[in-house]
Structure formats: structure tokens, C-alpha cells
Amino acid sequence: MLSTYDYCVIAFYFVFMLAIGWVFKKFCNNTSDYFRGGGKMQWWMAGCSAFMVAFSAWTFTGAASKAYMDGTIILVVFIGNTIGFFINFLWFAPRFRQMRVITPMQAVRERFGPGNEQFFTWLQVPLGILYAGIWLNGLGIFLAAVFGFNLQTTIIVVGTVVMIMSVTGGSWAVVASDFMQVLILMPVSIVAAVLALNHPAIGGLGGFFDKLPKSHFDWTILERTDILFFWIVAVILQKFVSTNNLLDSSRYLCVKDSKQAKKAALLASIMFLIGPLVWFIPPMVSTIVFPDLAAVFPKLGAKASEAAYVAISLDTMPMGMAGLLVSGIFAATMSSMDSGLNRNAGIFVKNFYQPVLRRDASDKELLKAGKATTCVFGMLVVLAALNFSHLKGLGLFDLMLQFGALVALPYSIPLVLGVIVKKAPRWAGWTTVLVGLAVSLVIKLALTPELIQDTFGWAKSLSTREFKDCVFAVSVIGNAIIGCAWFMLTCVIDGKHSKEYKAQINAFFAKADRPVLPDEESGDTDVSQCVVLGRMCLCYGGFIILLTLIPNSLSGRIAFIFCGGLIAIIGLLLLKSAKLQLKDRQPVTKEKQETNESMVELTDGQPD
């Protein structure tokens, strides 16, 4: 299915990712640099990273499967992300940055105390490793079934590359790689959509709308209106919680100031609004072109619909372009893995190793511990992925939603409310999680199709899809109502706090309300960021443009020029921005302008 050219493109991608870690290792001089970029990153880097971490390879597999089978209803999930990040922009993002912490768990400690810090730490770290293992395993199974890749080799190679990049370059490499991966994904996705619409069996946009099943637009054909309504409400609610909690504040701890945090959140929101309009054209085209994907990909069995995106892309893309698509699928998984590794290593080192094991540890020791922890966690993720073979029968779309509803939501609810409600006692945090997990367990064990039918008085039996959507909706809405009610009840039961705890809460909220100014963090790396990433864009864009030499049709060559040219143009704009920033720092004279230009030429990627 893949040509030699495609394999060369994939190999170049992995080498490039490893190079990012090596280039950005010079930026990591202390734990703040290593775990959150020293709070010096610009909004366009942080916004792309926030988008990529929430994106994941699930979009090309599980979400594509939903688009293939059910059509435009998949857009609800991404509208939920758009709303969640827009609320970030309106309120949460600047306050997260204003907490002025290195890891999210430091904010948990400042809000709820050291007991909750350890509770949430030892829930997050193992869950993060298992979650990354599940996705890496799912990626391996998918690529093995579709392209014939060796499952174990794929898991080991991807996991090793992510680990090396994260260990060497820390959060700088993680965020920079996310930025580059966005630039790879977006133009390739546009090309995939255009080529899919121009498939001979489609005949353009008009044929696309004419030939799609009615159920792809009329959602009530496949499901009762009541269930559909509650499912939509549950999706949006779950996405709000998942994007606005203290754990995911890590997205904004790296940016320079409060205003840039808002810009980063707005960028992610806009990308989630526009992106789905492009991403889900190919799998819906597959509905028309490949009505029986199980026959095309027999190794996937019941999960053949997860290959909907790849099927039409392989049928329409020129040689070499499929390699870029596979690189994009790798990128989507790796962006979630590397961010999770870096964040979890930071949490372990700053919230357990330092306060519990080594209170007097120097920053140099903590930096070494962070690199060692990242390495260990990376190996654990790979081992977990290699041992998750029993997940072959699970659909990625339902797996993602059920994990979010039954596990992630109970964990996240107190981390949202804790930023809003001041009166909650220390024990409100961990008890709300336990109550939520108990609710999830009861729902999972007790909820049956018969119980739902009897409750609502429906005569017709529930379909498998309707039952799954009911479980998800009841889990999310039930957890939200009971979790929030319990959290608020703790305020009533234990509303009187000690002077020490009152002072702690007041200090936390006072700091979170005080804007971070551009010059608050020491050191200015704006020019270095633009120069290094600008050169990387020129390198990757130039490589893609060179792929026009592959013997393809004229339209295939134009596709490479579009993708590579777009990345190269962004690289040129970044380099131009670096020159303008240097020029603005000094009076503009002929001699100093020449000096500025020389500085840009000689910048080696080190922080100013």
C-alpha cells in the first residue's frame, strides 16, 4: 500500500522529531525551563500545542469511524472542544497562567493543601501512563492492520522517539514539536479533503452532498430524539470540564503572560472550529466509495470503519503523500504522549520527589531527576502498550468517550470548581473524586437497556448505539450533578475554616487574579523561538517541496508544492518577525540594522 517514497517520508519525519529534542536542549537550564518552558513561550506555540494535545490520532481513527457511519454528528464533539477553549479564552486561561506555578499539582497544593496534592498526583501519574499506553497500542494495532506494520516494532519505535525527544528537550521540544506537527497536519488534511471530493465516484462538492445517506445530516434517523439531545448536552459538558480544570492548566503555564494565554486559548478554539470542516470530508466520502470497508481491511474486523480516512486517502493521494498522512497520524499520537510524559514527570519530581523525598534537593538535581523520570515513564508507557492486546475488540470512539465520562470527569470536576468556589474545605477535592468514581461504578454496573426503557416508557428496544449513548450521557450528566452537589455540600458542612487555611485560599485567588506582565519572567527568548522554528519550517517545507521530483501527476506535484510552500512561508514569516523584533529593540541606524541582521543570521537557538 505504501511506496518506497512514503517510507522515506516517514523516516525523515522521525529523524526530524529527534532533531527537535537535540536543538531545544539548550533552552532547558532549570526545572522551570524543562517542565513549562520557563514561562517564556509565545502564544502561537502554546496555542498549537493545546490544540495538538486535545487532537490525538483518535481523530483519524475513532472519530473518522463515527463520521463514516453516522456523518456530521461527529462535529458535536469538536464543537464541544471549540466551546471549551473559548471559555478558556474568556476566563480560565489567564487565571491558570497567573497561578505562577511550574506544575498543575502545585496549584492543587496551594488551593486544597498537600494531602490533595498527593492524592491527585498518585491518581494522575498511573492513569496518565495507562492512558498513553492505550493510545499507543491502538495506534500500533491500526497501523498493523491497515499498512502491515509490525505491531511491537511500531510501539517500540514511536515510544522511543517520543521518550528521547522529551528527555533531551523537555517542554521546549514538546511544544515546538506540537507546533511543527500542526503545520504538517493541516495542509495534508486540506489536500486529503480536496482529493477525496475529486474522486471519480463523487464529482465534487455537489456530488458529495447528493450521494451521502440522509442519516448523515438528519441525526434523528439513527437515534431517538431524546437520547440524541442528552448525548449532545453530555458531550459539550464533558468537553467543558476536560478543557477548564487545574490539571490541564499546564497548557498555559508555559506562555509569557496573561494576554498571550488568552491568545493561545483563542487560537485553539478557532482551530477546533475550522478543522473539522476539513477532517471529516474524507471518511464521509469513504461512505460512498467504500460501503463495505470490512472487505477492504479484513484484519480490522468489526473495527474496519476506523480505516475510513486512510482508505480514501490511499485511493486518491500521489506517491509520497500517503507517507505525509501516516506521519500526521504518528504526530497526533506523539503530541499527546510527549506532553503527557513531560507533565507527569514534572508532577512526580516537583510534587513528590522534592516535597516528600528530597526537600533540600538543588535545582540541578531536580533537573536530572526530571530527565530520569521522563525516561522511566516513557519505558512504562511502551511496556503498557505492548501488554494491551485485549483492547483489540474495543472501538476507539466509544473507548475515548467512556473513559472521559467514567474516569476523567470525576477526577476533573473538583479541579474546575476549586478555581471558582472559595468556600470549599480541603477535603472537598479528594472526596468529590471518590463520590464521582462511585457514581460511575454504579452507572456502569446497574444501567441496562431494560432499565432505560422502563424509566422512559419506550416500547421499542434500544439499539446498541442508543444504549452506548445513554450510558455516556447518564455518566456525564449524573457525575456533573452529583459531583457538583457534593462539592457544594462540603461548603455547607464545613464552611468555617482556620485562619491558616483562609489565608492560603485568599493568597491563591489573589495571585490567580493578578495579571502576569510580559517582563515578569527573567530572560527573553522571543527572537530565538522565531529563528529556530522559522529555520525548522524552511527545512521541513523544503523537504516536502523536493517531493515534487517523485514521478506523480501534475495534480500530485501541486499538492506537494502547496503543503511544502505553506510550511516554508510560515518559516519565512517567523524569521521576518525575528528581524523586526531585533530592529524594534534598538534605534534604527544603518550600522545597527546591519548588526540586527547579523544577529539573526548567527542566532544558534540559545535563549537570549
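# Aromatic rings, helices and a pocket in a predicted model

F51, F78, F85, F272, W279 and F280 are joined into a cluster by ring pairs. The model in which this cluster appears is predicted. Over the whole structure, a search finds 39 aromatic pairs.

One of these pairs is formed by F85 and F272, whose rings are stacked, with 5.7 Å centre to centre and 10° between the planes. F85 belongs to helix 5 (residues 75–98) and F272 to helix 11, so the pair ties together parts that are 187 residues apart in sequence. Both F85 and F272 are buried.

W427 and W486 form another aromatic pair, this one edge-to-face, at 6.3 Å centre to centre and 70° between the planes. Because W427 lies in helix 19 (residues 427–446) and W486 in helix 21 (residues 464–493), the pair ties together parts that are 59 residues apart in sequence. W427 has a relative accessible area of 24% and is therefore partly exposed. W486, at 28% relative accessibility, also counts as partly exposed.

## Helix 11 and its surroundings

Helix 11, which holds F272, has 17 residues that should span 24 Å at 1.5 Å a residue; its end C-alpha atoms are 25 Å apart, which agrees. The buried residues of helix 11 are S258, Q260, A261, A264, A265, A268, S269, M271 and F272. An α-helix has 3.6 residues a turn, so residues three or four places apart point the same way. The cover over the buried residues of helix 11 includes helix 3, helix 5, helix 8 and helix 12 (276–279).

K263 is also in helix 11. Is K263 buried or partly exposed? Its relative accessibility is 44%, so K263 counts as partly exposed. From K263 to K299 the distance is 44 Å, C-alpha to C-alpha, while the two are 36 residues apart in sequence.

## The second largest pocket

Helix 11 also takes part in a pocket. The second largest pocket has a volume of about 350 Å³. It is lined by 15 residues, and the closest to its centre are C48, F179, V182, L183 and I570. At least two residues of the lining come from each of helix 3 (43–55), helix 8, helix 11 (258–274) and helix 24 (554–584). Which helix supplies the largest share of this lining? Helix 8 does, with six residues. By residue class, the lining of the second largest pocket has 15 nonpolar residues, no polar and no charged.

## Helix 17

Helix 17 (residues 363–386) has 24 residues, and the distance from its first C-alpha to its last is 35 Å, close to the 34 Å expected at 1.5 Å a residue. Its buried residues are L366, L367, A369, G370, T373, T374, F377, G378, V381, V382, A384 and A385. These buried residues pack against helix 2 (31–36), helix 7 (114–147), helix 8 (151–197) and helix 16 (321–357). Helix 8 thus appears twice in this account, as a packing partner of helix 17 and as a contributor to the pocket lining.

## Single residues elsewhere

Three further residues are set side by side below.

| Residue | Place | Relative accessible area |
|---|---|---|
| S286 | helix 13 (residues 281–289) | 0%, buried |
| V23 | helix 1 (residues 4–24) | 22%, partly exposed |
| R100 | loop between helix 5 and helix 6 (104–112) | 18%, buried |

S286 touches Y68, P291, A308, A311 and I312, leaving aside residues up to four places away in sequence. On the same basis of counting, V23 touches V532 and M536, not counting residues up to four places away in sequence. V23 is also 67 residues along the chain from L90, and their C-alpha atoms are separated by 35 Å.

What is notable about the backbone of R100 is its phi, near 55°, a positive value in a residue other than glycine. R100 sits in the loop that follows helix 5 and leads to helix 6, and helix 5 is also where F85 of the stacked pair lies. With a relative accessible area of 18%, R100 is under the 20% cut-off for burial, so R100 counts as buried. V23, at 22%, counts as partly exposed.

Key. Residues numbered from 1 in each chain as written. Predicted model: local features only at pLDDT ≥ 70, side-chain atom pairs only at ≥ 80, totals over all residues. Heavy atoms only, no water. Helix = DSSP H or I, 4+ residues; strand = E, 2+ residues; numbered from the N terminus. Expected span 1.5 Å × (residues − 1). Buried < 20%, exposed > 50% of the residue type's maximum accessible area, 1.4 Å probe, protein only. Contact = heavy atoms within 4.5 Å. 1 Å grid on protein atoms, 1.4 Å probe; cavity = no way out; pocket = protein on both sides within 12 Å on 5 of 7 lines; lining within 4 Å. Points joined across faces, edges and corners; volume = space filled by probe spheres on them. Nonpolar A, V, L, I, M, F, W, Y, C, P; charged D, E, K, R; others polar. Phe/Tyr/Trp six-rings, centres within 6.5 Å; stacked < 30°, edge-to-face > 60°.
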